[in-house]
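Hi everyone, thanks for making time this morning. I'd like to walk you through one chain, and please have the viewer open while I talk.

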Amino acid sequence: MPGEAAGADDGLEAWLVATIPLLMRHLLAHARRRPAWGEMTYQQYNVLRIIDGEGPMAQGEIARRLLVSAPVVTRQATALAEAGLVERQPDISDRRSVRLALTTRGVRRVRAMRRELLAAAGELLAPLPGTQRESVAAALGQLRVLLPASNRQSVVPSRR
């Protein structure tokens, strides 16, 4: 029925499409209760996360990686710059482009947000018995095959 969550009987495809966004919303709701998240959005976190992982980067490249338009990243960059988390730098290889770099405050913030996101995920996983946790881990490992090869490495859990 329209508006109902998909179940196993609806096919694996429908179940995947219905479950992933709900799970992320639930996880983010838990994370947003923590101090480092403050008024930050998940999209802003992703901008910071990409720069933290790869260094200063052109806004257009960040937009490409996030699958959003350049104006979306420009708006995010403005808010992040006003918060003192990123700084805009000229791109010496392309004068039309602007690169975003994390400030020291931005590095501290994104890493605190990541710690809090992982803690929230830990809280959600905590009630699962060990065998179920192992099953979830195995399923997540298998889901990596759905990702383009260029994104598979970024899904490997970090020990940071």
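I'll go from the overall layout to the core, then to the surface, and finish with the charged pairs.

First, a word on what you are looking at: this is a predicted model. The chain has seven helices and three strands. If you trace it from the N terminus, the order of elements is α-α-β-α-α-β-β-α-α-α. There are 160 residues in the chain, and 27% of them count as buried. For those of you who like contact maps, take the contacts between residues at least 6 apart in sequence: 52% of these join residues at least 24 apart. The chain exposes about 10,800 Å², with carbon and sulfur atoms supplying 58% of that.

Now let's go inside. In soluble globular proteins, nonpolar side chains tend to be buried together. Here the largest nonpolar core holds 27 residues, and Leu 48 and Ile 62 are the ones that touch the most other members. Which elements give two or more residues to this core? They are helix H1 (12-31), helix H2 (42-54), helix H3 (59-66), helix H4 (70-82), strand E3 (98-102) and helix H5 (104-125).

Please centre your view on Leu 48 for a moment. Leaving aside residues up to four places away in sequence, Leu 48 touches Met 40, Leu 80, Leu 85, Val 86, Leu 102, Val 110 and Met 113.

Next, the outside. There is a nonpolar patch on the surface, formed by Leu 16, Val 17, Ile 20, Leu 125, Val 136, Leu 140, Leu 143, Val 145 and Leu 146. Together these residues have about 770 Å² of accessible area. H1 supplies at least two residues of the patch, and so does helix H6 (130-143). One patch member to pick out is Leu 143, which sits in helix H6. So is Leu 143 buried or partly exposed? Its relative accessibility is 32%, so Leu 143 counts as partly exposed.

Let's turn to the charges. Side chains of opposite charge can pair when their charged atoms come close. The count for this model comes to six salt bridges.

Start with Arg 111 and Asp 52, whose side chains meet in a salt bridge at 3.0 Å, N to O. Arg 111 lies in helix H5 and Asp 52 in helix H2, so this pair ties together parts that are 59 residues apart in sequence. The two partners have their own surroundings: Arg 111 is partly exposed, at 33% relative accessible area, whereas Asp 52, at 16%, counts as buried.

Then there is Glu 54, which forms a salt bridge with Arg 65, with the closest N and O atoms 2.5 Å apart. Glu 54 is in helix H2 and Arg 65 in helix H3, eleven residues apart, and the pair links distant parts of the chain. Arg 65 is partly exposed, with a relative accessible area of 35%. This pair also belongs to something wider: Glu 54, Glu 61, Arg 64 and Arg 65 are linked in a network of salt bridges.

One last pair before we discuss. Arg 96 forms a salt bridge with Asp 94, and here the closest N and O atoms are 3.3 Å apart. Arg 96 is exposed, with a relative accessible area of 76%, while Asp 94 is partly exposed at 25%.

That's my tour. Thanks for listening, and I'm happy to take questions.

Conventions. Residues are numbered from 1 along each chain as its sequence is written. This is a predicted model: local features need pLDDT of at least 70, side-chain atom pairs count only at pLDDT 80 or more; totals for chains, interfaces and linings use all residues. Side-chain values use heavy atoms; hydrogens and water are left out. Helices (H or I, at least four residues) and strands (E, at least two) are DSSP runs, numbered from the N terminus. Buried means under 20% relative accessible area, exposed over 50%, partly exposed in between (1.4 Å probe, protein chains only). Contact means heavy atoms within 4.5 Å. Accessible areas come from the Shrake-Rupley method with a 1.4 Å probe; for residues, only the protein chains shown count as cover. A nonpolar core is a set of buried Ala, Val, Leu, Ile, Met, Phe, Trp, Tyr and Cys residues joined through side-chain atoms within 4.5 Å. Patches are made of residues with over 30% relative accessible area and no salt bridge: like charges are joined within 9 Å, nonpolar side chains (Val, Leu, Ile, Met, Phe, Trp, Tyr) within 5 Å. A salt bridge is a side-chain nitrogen of Lys or Arg within 4 Å of a carboxyl oxygen of Asp or Glu.
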